[in-house]
Amino acid sequence: MVTHVSGIGDPQAGRTPAPSGEDVRKGPRRGLVLGAGGMLGAAWTVGALCAVAETTGWDPGTSEIILGTSAGSVLGTLLASGVDPGSLLDHQQGRPIATGPLVGVDFDYDTAVGGALPPRPRPGIGSPGLLRETFRHPRDYPFLTMVSAFVPPGRGSVAPLGDLVRALVDAEDGWSGLPALRLVAVDYETGRRVVFGDPEAPPAGVAEAVMASCAIPGWFAPVPVDGHRFIDGGAWSATNADLLAGRGLDEVYVLAPMAVRIRPVGDTGRREQPPGSPRPRGVLAHLVSRYRRAVTRQMLREAGELRAAGTKVRLLAPTLEDLAAMGPNMMDPARRPEVLETALRTCGAALSGIRAR
């Protein structure tokens, strides 16, 4: 039986406290945040997860809470289903899987969601209802949520992502079989965040929640859930890490493929990029660069909220070398192998440096 899950109306509402009763786990209670980032963001995150597992000896899939947004929702669901980071890497690289839930599961990462460019969107405004809400209460919404209301409805389909999840998640167990999993989407009618996996959200299967979290406005069609349309959780925040505040966690790892690496991997706001770094060239590269700076600032604010609640935060984001491998189009399949290899190296080096210190 699928457990009904909950929605929240604002950044503070709907947060569920840590489970009550005696905690039988030993060691710190850890949370894992997997941010948005498209195809290449997912590839970078797989490399980062492997680096975390190798350098810390901790399996990210054993997190008390796994919070996924957009591409992070897919990877979070795989981890919660028992897929280890090494198998994620092998699956991305097309290697045969010998054990675990991914055995016999085929998925073409390069073509599954349509390639590097979106289909031409439908004419019209994406969400007149959300547009009205943002005009009435502009201070209640992030800028990107407001922009999402204007974007024409996308024609792309996230159905292949749903099929991947259905191949791994038992329809009978549903959410009850994935107690650590939380997936973030945005209600396209109201503009409010919804955390699928929390106690009072609209009823939805795990596959539907993943598709909703991945429905990039203007690229993919919104996903209907319980009479409402839902879009990518990144329309509110690329990380949504603040949603883990107040859940009794000792430590949270935030993997943010759309942010910019800061030094060290931890509680600091200094960006890695030195003043003399070359400026991005081209309109798309310039826009992506500005977006990454905004994501980084928001991630740091969210991390500050977690720290204020007494939680240690580890932030991991792409370096300049990673950004060069990615390029400006995060859906470009041709760059995926290089992004994987680069992330393994850069994230491993960063985490090894922290361990040494």
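In helix H2, the buried residues are Ala71, Gly72, Ser73, Val74, Leu75, Gly76, Thr77, Leu78 and Leu79. The helix runs over residues 71–80 and is mostly covered, with nine of its 10 residues buried. These statements, like those that follow, describe a predicted model. Just after H2, Gly82 adopts a positive phi of about 105°.

One partner of H2 is helix H7, which comprises residues 206–214. Two packed helices are described by the angle between their axes and the distance between the axes. For H2 and H7 the angle is about 150° and the axes are 7 Å apart. The two helices are therefore roughly antiparallel to each other, because an angle over 145 degrees falls in that class. On the H2 side the contact is made by Ala71, Ser73, Val74 and Thr77, and on the H7 side by Val206, Val210, Ser213 and Cys214. An α-helix has 3.6 residues a turn, so residues three or four places apart point the same way. The contact residues Ala71, Ser73, Val74 and Thr77 also appear among the buried residues of H2.

The chain as a whole gives the setting for this pair. Its secondary structure comes to 10 helices and eight strands. Of the 357 residues in the chain, 54% are buried. Among contacts with a separation of 6 or more, 79% join residues 24 or more positions apart.

Two individual pairs illustrate such separations in sequence. Gly177, in the loop between helix H6 (159–168) and strand E3 (181–187), lies 96 residues from Ser81 in sequence, yet their C-alpha atoms are 8.1 Å apart. Gly177 is partly exposed, its relative accessible area being 42%. Pro160 belongs to helix H6 and is 48 residues from Ala112 along the chain, with a C-alpha separation of 6.0 Å. Once neighbours within four places in sequence are set aside, Pro160 is in contact with Phe107 and Ala112. Its relative accessibility of 25% makes Pro160 partly exposed, because the buried class requires a value under 20%.

Helix H8 (283–308) leads into the next region, where a loop containing Thr311 connects the helix to strand E8 (312–316). At 1.5 Å a residue, the 26 residues of H8 should span 38 Å, and the end C-alpha atoms are indeed 38 Å apart, in agreement with that expectation. Buried positions in H8 are Ala285, Val288, Ser289, Arg292, Val295, Thr296, Met299, Glu302, Ala303 and Leu306. Polar and charged residue types occur in this list, including Arg292 and Glu302. The elements that cover the buried residues of H8 include strand E7 (251–255), E8 and helix H9 (320–326).

Just after H8, Gly310 takes a positive phi of about 90°. Thr311, in the loop between H8 and E8, is buried at 6% relative accessibility. The side chain of Thr311 reaches the backbone oxygen of Leu249 at 2.9 Å. Apart from neighbours within four places in sequence, Thr311 is in contact with Leu249, Asp250, Glu251, Val252 and Leu306. Of these contacts, Leu306 is itself one of the buried residues of H8.

Positive phi values also occur in residues other than glycine. Asp226 has phi near 55° and lies in the loop between strand E5 (223–225) and strand E6 (228–232). Asn240 has phi near 60° and is placed in the loop between E6 and E7. Their surroundings contrast: Asp226 is exposed at 52% relative accessibility, whereas Asn240 is buried at 0%.

The cysteines complete the account. A disulfide is a covalent bond between the sulfur atoms of two cysteines. The structure holds zero disulfides. Cys50 is in no disulfide, and its nearest cysteine sulfur, that of Cys347, is 10.0 Å away. For Cys347, likewise in no disulfide, the nearest cysteine sulfur is that of Cys50, at 10.0 Å. This separation rules out a bond between them because a disulfide requires sulfur atoms within 2.5 Å. Cys50 counts as buried at 11% relative accessibility, and Cys347 is buried with a relative accessible area of 0%.

Definitions and conventions. Residues numbered from 1 in each chain as written. Predicted model: local features only at pLDDT ≥ 70, side-chain atom pairs only at ≥ 80, totals over all residues. Heavy atoms only, no water. Helix = DSSP H or I, 4+ residues; strand = E, 2+ residues; numbered from the N terminus. Buried < 20%, exposed > 50% of the residue type's maximum accessible area, 1.4 Å probe, protein only. Polar contact = N/O pair within 3.5 Å; in protein donor to acceptor, adjacent residues only side chain to side chain. Contact = heavy atoms within 4.5 Å. Expected span 1.5 Å × (residues − 1). Axes fitted to C-alpha atoms, helices over the stretch in contact; angles between N-to-C directions. Parallel < 35°, antiparallel > 145°, perpendicular 65-115°, else oblique.
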